[in-house]
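Colleague: Before I use this model, I would like to go through the terms attached to it. Please give me the value behind each one.

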Amino acid sequence: MTAEATSSAVRSPVIVTRNGATATLTLNRPSRKNAIDDQGWRLLGDALESLATDDAVRVVIVTGAEGNFCAGADLGSQPRDEHPVSRMRRVGNIAIALSELPKPVIAKVEGVAAGAGWNLALACDFVVASTSARFSQIFARRGLSIDFGGSWLLPRLVGLQQAKRLAMLAEMISAGEAQELGLVTWVRPEDELAGFVTELALRLAALPPVALAQSKALLQQGTTQTLREAIDNESRAQAVNLATEDAPAAFRAFLEKAEPPAYTGRWALR
């Protein structure tokens, strides 16, 4: 990377890097605890749109630069000529794009995750936090109501009463308490966090991508479906899996007591 490119990357509020089949989205405004400004929202949306259709990327990591995850939206950077409803719809569409990204997403959380920043982490499939991470649905302290999907995510993750507590009191809670509530998947010491997340990404990248994408979608859709609807969708999903190279290869490996195959997700029917 040239000095000019490096300088440009440093200035960008969202940096996308790749290592094999893993893409990392880094929120990069450390002087503002990685609060997301208008440019950052646009770049984040563009990155998610690109990654959704990039078959070379099997896993996405979302993290923040220099010791914090994300302090939420930068309220001082909102464009004055855009109607608040239009702006919130645009930001809300990013929450939907992240939640529906057809590949596993890991939130790697250090330091502060507040407001939309916490809900950004909750929209990921796994949340791995350092022992020093802190979380708050800080909206009420700013005279605002919950957003970035928090009103949908929190009741489903912790139940209605705990969701009301978190949203209305806007308390700052520890990584340990967040894990007890089911809002953090794993907590690791700071010096183990990076290695743990890298290993998790490698494990996920080695699994069948089409099957993982469908399981993710089925689980999320299942929260609002009847049992009959969920089973119908599961049946259609399995038909798709059986039409890829992955399911037959996995069956053969099982029968032959062989090592798991290299999953490709390629369509097998001709």
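**Strand 4 and its sheet**

Modeller: This is a predicted model. In strand 4, Val105, Ala107 and Val109 point one way, Ile106 and Lys108 point the other way, and all are buried.

Colleague: What makes strand 4 largely enclosed by the rest of the structure?

Modeller: Buried means under 20% relative accessible area. Five of the five residues of strand 4 are buried, so the strand is largely enclosed by the rest of the structure.

Colleague: How do you know that strand 3 and strand 4 pair, and in which sense, parallel or antiparallel?

Modeller: Pairing requires at least two bridges between the strands. Three bridges join strand 3 to strand 4, and the two run parallel. Val60 stands opposite Val105 of strand 4. Strand 4 also pairs with strand 6 in the parallel sense, over four bridges. There, the bridge partner of Val109 is Ala129 in strand 6.

Colleague: What holds paired strands together?

Modeller: Strands of a sheet pair through backbone hydrogen bonds, either parallel or antiparallel.

Colleague: Which sheet is this, and why are strand 1 and strand 9 called edge strands?

Modeller: The sheet is open, with six strands in the order 1-2-3-4-6-9 and mixed pairing. Strand 1 (14-19) and strand 9 (186-188) each pair on one side only, and these are its edge strands. From one strand to the next the twist averages 20°. Strand 9 is joined to strand 6 (residues 126-130) by three bridges, and the two run parallel. The bridge partner of Val128 in strand 9 is Trp186.

Colleague: What makes you say that helix 8 packs on the sheet?

Modeller: Helix 8 (residues 190-205) touches strand 2 (22-27), strand 3 (59-64), strand 4 (105-109), strand 6 and strand 9. The direction of helix 8 makes about 160° with that of strand 6.

**The other sheet**

Colleague: How many strands are in the sheet with the order 5-7-8, and what is its pairing?

Modeller: That open sheet has three strands, with mixed pairing. Its edge strands are strand 5 (112-114) and strand 8 (172-174), each pairing on one side only. Neighbouring strands are turned by 25° against each other on average, direction ignored. Strand 7 and strand 8 run antiparallel and are joined by three bridges. Phe135 stands opposite Ile173 in strand 8.

**Cores and rings**

Colleague: Which residues touch the most other members of the largest nonpolar core?

Modeller: They are Leu44, Phe69, Val109, Leu120, Phe135 and Leu183, out of 48 residues in that core. Leaving aside neighbours within four places in sequence, Leu120 is in contact with Leu27, Ile36, Leu44, Val62, Phe69, Leu98 and Phe148. A second, separate core has 11 residues, including Ile61, Ile106, Leu193 and Leu200.

Colleague: How many aromatic pairs are there, and why is the pair of Trp41 and Phe148 called tilted?

Modeller: There are four aromatic pairs. Ring centres must lie within 6.5 Å, and planes under 30 degrees apart count as stacked, over 60 as edge-to-face and the rest as tilted. The centres of the Trp41 and Phe148 rings are 5.4 Å apart and their planes are at 35°, so the pair is tilted. Trp41 lies in helix 2 (residues 38-52), and Phe148 in the loop between strand 7 (134-136) and helix 5 (150-158), so the pair ties together parts that are 107 residues apart in sequence. Trp41 is buried, with a relative accessible area of 4%, and Phe148 counts as buried at 4%. One aromatic cluster is formed by Phe126, Trp186 and Phe196.

**Cysteines and an outlying case**

Colleague: How do you know that Cys70 is in no disulfide?

Modeller: A disulfide needs two cysteine sulfur atoms within 2.5 Å. The cysteine sulfur nearest to that of Cys70 belongs to Cys124, 11 Å away, which is too far for a bond. The structure holds zero disulfides. Both cysteines are buried, Cys70 with a relative accessible area of 0% and Cys124 at 8%.

Colleague: Why is Ile96 called partly exposed?

Modeller: Partly exposed falls between under 20% for buried and over 50% for exposed. The relative accessible area of Ile96 is 44%, so Ile96 is partly exposed. Ile96 lies in helix 3 (residues 84-99).

Conventions:
Residues numbered from 1 in each chain as written. Predicted model: local features only at pLDDT ≥ 70, side-chain atom pairs only at ≥ 80, totals over all residues. Heavy atoms only, no water. Core = buried A, V, L, I, M, F, W, Y, C linked by side-chain atoms within 4.5 Å. Buried < 20%, exposed > 50% of the residue type's maximum accessible area, 1.4 Å probe, protein only. Contact = heavy atoms within 4.5 Å. Phe/Tyr/Trp six-rings, centres within 6.5 Å; stacked < 30°, edge-to-face > 60°. Axes fitted to C-alpha atoms, helices over the stretch in contact; angles between N-to-C directions.
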